[in-house]
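This briefing sets out the main features of a predicted model. The topics are the ligand surroundings, the strand arrangement, a helix, one core residue and a database annotation.

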Amino acid sequence: MKVKICGITDVNTAVKAVEYGADAIGFVFAESKRRITEKPAREIVEHLPPEVYKVGVFVNETAEEIERIASYVGLTHIQLHGDEDAEFCQSLTFPVIKAISFQSNEHLAEVSRFPAAYILLDGPKGKYRGGNGTAFDWNQVNISLLKSKKVILAGGLQANNVENAVSIIKPFMVDVSSGVETDGVKDLEKIKAFIKKAKGIC
Ligand SMILES: O=C(O)c1ccccc1NCC(=O)[C@H](O)[C@H](O)COP(=O)(O)O
């Protein structure tokens, strides 16, 4: 199981997460309590090995600005958490992770036709477009609708529910932010425990 740790804002946490086995590190360039700017994100990226995905999270940003930030920071993937349409996904030169807050299988069928390499299934929107720490009912998802896509599962995951979530959705990757924090700050012990649990599943 591949693991993405999202909402990273410092070098030490990123390096430790990779040491514990993280395959992807996420940087939020949208409105968020975890927002990071380009310069510190670039510094973190410089400390990461080439094989680790460096994912930039954006919400309704212009394609020009996304491309500029991605090139400057050294991102490898773009995660879109807003109302971006299929045409917008197509216009980017980086591989796209299209995030959706799971609501219905009709919506899922629509998004499955997007030209995105990955679909990220997330929990309900809260104060922000993501990273709200809320799970959705995994049993409601008709995952066969996404058969040609790599699925990333997110939303309220923690070390103690990731096994159940994975057994139902069978994703390519799991993504966590709130579930590896204590009082809103990334917690190295929780990151280690989450990765160990997820990597032990398959
Ligand atoms: O993390 C944020 O604050 C955020 C803000 C705006 C858009 C997206 C955001 N996060 C994207 C992620 O990939 C999160 O890891 C994902 O939504 C799951 O978060 P959580 O439920 O807190 O584990």
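A residue is taken to be near a molecule if its C-beta atom, placed from the backbone, lies within 6 Å of it. On that basis, the shell around the ligand in this predicted model comprises 27 residues. The fold includes eight strands that close into a barrel, and a UniProt annotation covers residues 3-196.

**Ligand surroundings**
- Cys6, Ser32, Gly130, Gly131 and Ser178 are the closest of the 27 residues that surround the ligand.
- Two strands, β2 (24-28) and β8 (173-176), each contribute at least two residues to the shell.
- Classified by residue type, the shell holds 14 polar, nine nonpolar and four charged residues.

**Barrel**
- The strand order is β1-β2-β3-β4-β5-β6-β7-β8, and the pairing is parallel.
- On average, and with direction ignored, neighbouring strands of this sheet are turned by 25° against each other.
- Strand β1 (residues 2-5) pairs with β8 in the parallel sense through four bridges, and Lys4 has Asp175 in β8 as its bridge partner.
- Four bridges also link β6 to strand β7 (residues 150-153) in the parallel sense; here Ile119 stands opposite Val151 of β7.
- Strands β7 and β8 run parallel and are joined by two bridges, with Ile152 opposite Met173 in β8.

**Helix α7**
- Helix α7 (residues 188-201) lies across both β1 and β8.
- The direction of α7 is at about 160° to that of β1.

**Leu120**
- Leu120 belongs to strand β6, which spans residues 118-122.
- Leu120 counts as buried because it has 28 C-beta neighbours inside 10 Å, where 20 or more are required.
- Leaving aside residues up to four places away in sequence, Leu120 touches Gln79, Ile97, Lys98, Ala99, Ile152, Ala154 and Asp175.
- One of these contacts, Ile152, is the residue that stands opposite Met173; another, Asp175, is the bridge partner of Lys4.
- Leu120 and Lys150 are 30 residues apart along the chain, and their C-alpha atoms are separated by 8.5 Å.

**Annotated span**
- According to an unreviewed UniProt entry, residues 3-196 carry the annotation "domain: N-(5'phosphoribosyl) anthranilate isomerase (PRAI)".
- In the model, the end C-alpha atoms of residues 3-196 lie 10 Å apart.
- The span is 31% helix and 21% strand.

Note on methods:
Residues are numbered from 1 along each chain as its sequence is written. This is a predicted model: local features need pLDDT of at least 70, side-chain atom pairs count only at pLDDT 80 or more; totals for chains, interfaces and linings use all residues. Ala, Val, Leu, Ile, Met, Phe, Trp, Tyr, Cys and Pro count as nonpolar, Asp, Glu, Lys and Arg as charged, and the others, Gly among them, as polar. Two strands pair if DSSP finds at least two bridges between them. Axes are lines fitted to C-alpha atoms, for helices over the stretch in contact, and angles run from 0 to 180 degrees between N-to-C directions. Two residues are in contact if their C-beta atoms, placed from the backbone, lie within 7 Å. A residue is buried if 20 or more other C-beta atoms lie within 10 Å of its own, exposed if 12 or fewer, and partly exposed in between; C-beta atoms are placed from the backbone. UniProt positions are given in the numbering used here, feature names are shortened, and annotations may be inferred rather than shown by experiment.
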